[in-house]
Amino acid sequence: MSTEANDIDLLVNRRYEHGFVTDIETDSLPPGLDEDVIRAISGRKNEPEFMLEWRLKAYRYWLTQKEPVWSHVSYTPIDYQSISYFSAPKSDADRPKSLDEVDPKLLETYEKLGIPLHERAKLAGVAVDAVFDSVSVATTFKGKLAEAGVIFCPFSEAVIEHPELIKKYLGSVVPYRDNFFASLNSAVFSDGSFVYIPKGVRCPMELSTYFRINAANTGQFERTLIIAEEGSYVSYLEGCTAPMRDENQLHAAVVELIALKDAEIKYSTVQNWYPGDENGKGGIFNFVTKRGDCRGDNSKISWTQVETGSAITWKYPSCILRGDNSVGEFYSVAVTNNMQQADTGTKMIHIGKNTRSTIVSKGISAGKAQNSYRGLVRIMPQATNARNHTQCDSLLIGKQCGAHTFPYIEVRNPTAQVEHEATTSKISADQLFYCRQRGIAEEDAVNMIVNGFCKEVFKELPMEFAVEAQALLNVSLEGAVG
Amino acid sequence: MLEIKNLEVSIGDTQILRGLSLSIGTGEVHAIMGPNGSGKSTLALVIAGHEDYKVTAGSVHFEGQNLLDLAPEERARKGVFLGFQYPVEIPGVNNAYLLKAAVNARRKHQGESEIDAFEFLQLAREKMKLLEMDPSFLNRGVNEGFSGGEKKRNEILQMAMLEPRLAILDETDSGLDIDALKAVAKGINALRDPQRSIVLVTHYQRLLDYVEPDYVHVLSKGRIVRSGDKSLALELEERGYDWVQEAASA
Ligand SMILES: Nc1ncnc2c1ncn2[C@@H]1O[C@H](COP(=O)(O)OP(=O)(O)OP(=O)(O)O)[C@@H](O)[C@H]1O
Ligand SMILES: [Mg+2]
């Protein structure tokens, strides 16, 4: 039996081949963090005074805080003074001029993932003016969006062009005092996306970070703000299935969503940060605060995420169901392999009457990875007839990995209906043998079982994204068979 | 078709097959009987390539080729099919999806193109009708929540779709009600073919009433201790295994 187990370990033990280092010099601030650094960041972005004030308040608050220790992950402490908090995007001169100069292995992965040619170039960091397709596609999109009155631009641009919206909504869902990493992000955030959907508008296309111009390098402290006015709808796609390489170990993003009356926001993420090698060395620490506020009646916010990367992931996309009849959803697939650790989940805070939430979490662990689900469902006293359904499934591949479930349920209204289901299953040697006896290769059998396990979440993703996500999972669990 | 010589097989430190020889000609139907724990399933799993079972001596040749050199999936693609005594459940994986992947793996190996969705469905429905299976089984998870008898029928469906060269059915008749047994027997007989060999591992004469074997073997303590024609099965039914075992050790 033990050889069998080792085979399964081998199978999922694929190597991530794209974490190459670069010694290109960037226009960076020296490492360290103090008020001068924050002034410098704000200054380089030509920010208005209110923005700088907000950053400084966040910084001063952050200084009083301690890093959280409660999550089910362990890592060597981060030295915040050793990080450089500003690095300008690489100039085109330093980038590869064409795909011919890009690591062929990286291109091979893009190929496997079925990423269109014009996107491959951009992802590989090829100088933008060499990527005609991508630019023209983006330009066409911009025109169409402007027609509909949709604003979709880099965060730094919104700070200058739409200060009234920033002042009104920034920090209104995730205040700078929210948590240690959110405070840090508020003080030093680099850039990110800003989306505004006007009243009654159904955004004419899925907004994807692929096509966000001038934001190729948003750095380690990304900030996203999406506002859906009354009766509007938007579907936003974050990240991409391609392996993302980054020299920065610490990532602490903040995403704020605001859905007003009758509005709906669908936020999908497929993330594939560098997870580190077999020993966990060099991987990305991903500490993200994502929260949606269903501020108006009948509003809806839906989070869907497929995560395969990072050495450490700490992430709880949440919904505050403030409006009556508002709906929150969370669909998640988190894959951890080798030494990866993930502590993810969601929070559903029911405040309005007849609010409903659905949580479907699928955790897959392989190698020596640890995968934890942490979910909070809180029903406030005024939330009559609130309902929640949580389903939390873990799939283990091999014998050395672990899955943990920490549900927290707080019900303060007797009319609430809260259901929690949890299962843990294994890909067994018998299942693999059964498939192989039917002529199906071991790797394909693993993919088949994993995809079957994730089906419920994949069907929530926009069609093309779902296909990519499936391919991504297959690549993530790919290994040296035989 | 299949030539097994002096096969010795162990699991861990325990030897299970102790010098087993068996020859199965093309187009023949063989029944293997024998007491619980005598090694019948072990033999079936070794032929299919299960890695827990270590072959310490002897050989297995399939159509002249050394089977022991091949991975389980390669054996399957060459036409070796095992109907499992205990078919495993694979929740979440669509039964039709697995079936189609299996059919295509075999077709690819034979240099044929993939089956198209329409053709596949038509074929599957036809076979299911023969086996008196409800088409809804296609849309369920592989064996997920299937009753014992339904699992066995599903094995026969897979066999019917894959049209193997050599089919080994390990106690496919166990746990079937009378009607199911008839349906399964119908499925097996439909596949009887001069080009195909079938091995039935069974404890009961019942199945052999419907599917008449050319040869019957008794396996005891890891060896074939007696071989004969179908009348041997009837004799076993009447007299039990003791007399064959005694005769063998005498
Ligand atoms: N994985 C295993 N670990 C330990 N012992 C095993 C294992 N598999 C089989 N055996 C042993 O090998 C012997 C033969 O088992 P096998 O399943 O081949 O018998 P069988 O003839 O098929 O029996 P039955 O008629 O009950 O199905 C038994 O004693 C069994 O306990
Ligand atoms: Mg058996």
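Let's start at the end of a helix: H10(A) is followed by Gly439(A), whose phi is positive, near 90°. Keep in mind as you look around that this is a predicted model.

Now step back into the helix itself. Helix H10 of chain A runs over residues 429-437, and eight of its nine residues are buried. Among the covered ones you'll find Leu432(A), Phe433(A) and Tyr434(A), but also Cys435(A) and Arg436(A). An arginine on that list is worth a closer look. Arg436(A) has a relative accessible area of 7%, so it falls under the 20% cut-off for buried.

What does Arg436(A) form a salt bridge with? The partner is Glu73(B), and the closest N and O atoms are 2.6 Å apart. That pair crosses between chains, going from helix H2 (residues 72-77) of chain B to helix H10 of chain A. Glu73(B) is buried too, at 9% relative accessible area.

Just past the helix there's another link of this kind. Arg438(A) makes a salt bridge with Glu155(B), with 2.7 Å between the closest N and O atoms. Glu155(B) sits in helix H5 (residues 148-162) of chain B, while Arg438(A) is in the loop between H10 and helix H11 (442-458) of chain A, so this pair also joins two chains. Here again, both residues are buried.

Elsewhere, salt bridges with shared partners tie Glu35(A), Arg39(A) and Arg60(A) into one network. Across all chains the count comes to 28 salt bridges. One of them pairs Arg295(A) with Asp293(A), whose closest N and O atoms are 2.8 Å apart. The two ends of that pair sit in unlike surroundings: Arg295(A) is partly exposed at 27% relative accessibility, whereas Asp293(A) is buried at 1%. As a general point, side chains of opposite charge can pair when their charged atoms come close.

Back to H10(A) for its cysteine. Cys435(A) is buried, with a relative accessible area of 0%. Why is there no bond to Cys454(A)? The sulfur of Cys454(A) is the closest cysteine sulfur, yet it is 16 Å away, too far for a bond. The whole structure, in fact, has zero disulfides over all chains. Cys392(A) is in no disulfide either, and its nearest cysteine sulfur, again that of Cys454(A), is 13 Å off. Like Cys435(A), Cys392(A) is buried, in this case at 2%.

One more buried spot in chain A: Ser235(A), in strand E5 (residues 233-239) of that chain. Its relative accessible area is 3%. Leaving aside residues up to four places away in sequence, Ser235(A) touches Met205(A), Glu206(A), Leu207(A), Lys266(A) and Pro462(A).

Over to chain B, where an open sheet of four strands is laid out in the order E2-E1-E4-E5, with antiparallel pairing. Strands E2 (14-24) and E5 (65-66) are at the edges with a single partner strand each, so one side of each has no neighbour in the sheet. Further in, E1 (residues 2-11) and E4 (residues 54-62) of chain B are joined by seven bridges. To find your place along that pair, look for Glu3(B), whose bridge partner in E4(B) is His61(B).

Helix H1 (residues 40-48) of chain B lies across E1, E2 and E4, running at about 110° to E1(B). This helix also brings us to a metal. The magnesium ion (ligand 2) is coordinated by the OG of Ser41(B) and the OE1 of Gln85(B), at 2.0 to 2.1 Å. Ser41(B) belongs to helix H1, while Gln85(B) is in the loop between strand E6 (80-83) and strand E7 (90-94), so many places on that the two are 44 residues apart. Ser41(B) is partly exposed at 21%, and Gln85(B) counts as buried at 17%.

Finish with strand E11 (residues 215-220) of chain B, where five of the six residues are buried. E11(B) pairs in the parallel sense with strand E3 (residues 29-33) over four bridges, and five bridges join E11(B) to the antiparallel strand E12 (residues 223-228). His217(B) takes part in both: its partners are Ile32(B) and Ser227(B). In the hairpin of E11(B) and E12(B), with two residues between the strands, Lys221(B) takes a positive phi near 50°.

Note on methods
Residues numbered from 1 in each chain as written. Chains lettered and ligands numbered in written order. Predicted model: local features only at pLDDT ≥ 70, side-chain atom pairs only at ≥ 80, totals over all residues. Heavy atoms only, no water. Pairing = 2+ DSSP bridges. Contact = heavy atoms within 4.5 Å. Axes fitted to C-alpha atoms, helices over the stretch in contact; angles between N-to-C directions. Donors = N, O, S within 2.8 Å, 3.2 Å for Na, K, Ca; no water. Buried < 20%, exposed > 50% of the residue type's maximum accessible area, 1.4 Å probe, protein only. Disulfide = S-S within 2.5 Å. Salt bridge = Lys/Arg side-chain N within 4 Å of Asp/Glu carboxyl O.
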